[in-house]
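Student: Could you show me how to read a protein model, one feature at a time?

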Amino acid sequence: MSLLNASGLGLINLGAAPVTPTRSAESLRALALDAARDLEGSSAEEIAKWATDTFGARFCVTSSMADAVVAHVFSRVSPGVDVVFLDTGLHFPETLKVRDTVARTMNVNVRSIRPRMTVGQQDGEYGPRLFARNPDECCFMRKVEPLERALSDYDAWATGLRRDESPTRANTPVVAFDARKGKVKVNPIAAWTQADVDRYISRWNVPVNELFKKGYGSIGCWPCTRRTKAGEDPRAGRWAMFEKTECGLHV
C-alpha cells in the first residue's frame, strides 16, 4: 500500500505501530546500515514510515523547535508520536512559543525534558555564566545528558539535521547508528535544502521560530546565539566566540 493518497497530498493513517522489544546494539547497527543504503533518495515521509513501522513505541522525534517540520512529517505518518524537546531553561521565548504551538495544534505527544539542575542551581554549583566560560560543559549538562536520559525509553530517534546546514553535516546519512548511544538515528530531511524546507512550511503552514525573521540563521540557547551576517554560514551565530560548532548532541 502506498503511503500517499492518489493526489499525493496526504498520508493514509496506518494506526499505531506495535511496541517492539529493545534490540541489541549489533542488530541496530546492521539495521541502520541496511536502511541508510535502501532509503537514500526516499522521501521524508517514506523514511518516517520506515522508522515508525520498525521501532513502534520505541521511537521518538527530537526537535529544537526552530521549526516543526520534522515533527509535522511524523504527525502525518504516525499520529501521536513522541516529540522530545530539551528545555534547557535558556531558550528564547520565541522557541517556547513554537513548542507550545506544536503541542496544541499537532497530533503528537510533546515531552519537555529538563536538566537535572535549574539554571540557578547550576550557577550556585559551577558559578554564574558557565556558558561563557565553558560552553561544552554547559551544553553537556543542559542538553547532552538530558537527551541521553530521555532516549533511554527508545531504540531510535529522528532529528532535523540537513547536509546543507554546515560543512560538519555535509555527509549526514538518512539513517545512521550512533555507537556512543547504541541507538539508530534517523535524519529524514538530510537531503533537503533550505528551499525544500521553505516549501514544506508554506504548504502545510508549519510553525516556525519568529527569530528567523529577525536575522538569526540558527537558533539555540539565547546566551550562545547571535544574528548571522550576510554571507555567513547559517550556524555562524552559534557559540561565535568559541571554536565550537556543535552542542554535542550530534557528535
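Student: Which helices and strands make up the secondary structure of the protein chain?

Tutor: This is a predicted model, and the secondary structure of its protein chain comes to eight helices and six strands. Reading from the N terminus, the elements follow the order α-α-β-α-β-α-β-α-α-α-β-β-β-α.

Student: How much of the protein chain is buried?

Tutor: Here a residue counts as buried when its relative accessible area is under 20%. Of the 251 residues in the protein chain, 49% are buried. The accessible surface of the chain is about 12,100 Å², and carbon and sulfur atoms account for 53% of that surface.

Student: What can I learn from contacts between residues at least 6 apart in sequence?

Tutor: You can ask how far along the chain the partners lie. Among such contacts in this protein chain, 69% join residues at least 24 apart.

Student: Can we look at one such pair? Which residue lies 6.5 Å from threonine 22, C-alpha to C-alpha?

Tutor: That is aspartate 155, which is 133 residues away from threonine 22 along the chain. Threonine 22 sits in the segment before α1 (25-39). Setting aside neighbours within four places in sequence, threonine 22 is in contact with Arg58 and Asp155.

Student: Is threonine 22 buried or exposed?

Tutor: Threonine 22 is exposed, because its relative accessible area is 55% and the cut-off for exposed is over 50%. Now try lysine 185, which belongs to strand β6 (residues 183-186). Lysine 185 has a relative accessible area of 9%, so this residue is buried. The C-alpha atoms of lysine 185 and alanine 158 are 5.9 Å apart, while the two residues are 27 apart in sequence.

Student: How do I describe two packed helices?

Tutor: Two numbers do the job: the angle between their axes and the distance between the axes. In this model, α2 (residues 44-55) and α3 (residues 69-77) pack at about 65°, with axes 9 Å apart. The crossing of α2 and α3 is right-handed.

Student: Which residues make the contact between α2 and α3?

Tutor: From α2 come Ala44, Glu45, Ala48, Lys49, Ala51 and Thr52, and from α3 come Val73, Phe74, Arg76 and Val77. Sorted by type, the residues of this contact are six nonpolar, one polar and three charged.

Student: Which residues have a positive phi although they are not glycine?

Tutor: Methionine 65 is one of them, with a phi of about 65°. Methionine 65 lies in the loop between β1 (59-62) and α3, and this residue is buried, with a relative accessible area of 0%. Arginine 129 is another, with a positive phi of about 60°. Look for arginine 129 in the loop between α5 (119-126) and α6 (130-133).

Student: And polar contacts? What does the side chain of threonine 225 reach?

Tutor: Start by finding the residue: threonine 225 is in the segment after α8 (194-204). The side chain of threonine 225 reaches the backbone nitrogen of glycine 220 at 3.2 Å. That side chain also reaches the backbone oxygen of cysteine 221, at 2.7 Å.

Student: Is threonine 225 buried or exposed?

Tutor: Use the cut-off again: threonine 225 has a relative accessible area of 9%, and under 20% means buried, so threonine 225 is buried.

Note on methods: Residues numbered from 1 in each chain as written. Predicted model: local features only at pLDDT ≥ 70, side-chain atom pairs only at ≥ 80, totals over all residues. Heavy atoms only, no water. Axes fitted to C-alpha atoms, helices over the stretch in contact; angles between N-to-C directions. Helix = DSSP H or I, 4+ residues; strand = E, 2+ residues; numbered from the N terminus. Left-handed = near helix turned anticlockwise from the far one by under 90°. Contact = heavy atoms within 4.5 Å. Nonpolar A, V, L, I, M, F, W, Y, C, P; charged D, E, K, R; others polar. Buried < 20%, exposed > 50% of the residue type's maximum accessible area, 1.4 Å probe, protein only. Areas by Shrake-Rupley, 256 points an atom, 1.4 Å probe, with all protein chains shown as cover. Polar contact = N/O pair within 3.5 Å; in protein donor to acceptor, adjacent residues only side chain to side chain.
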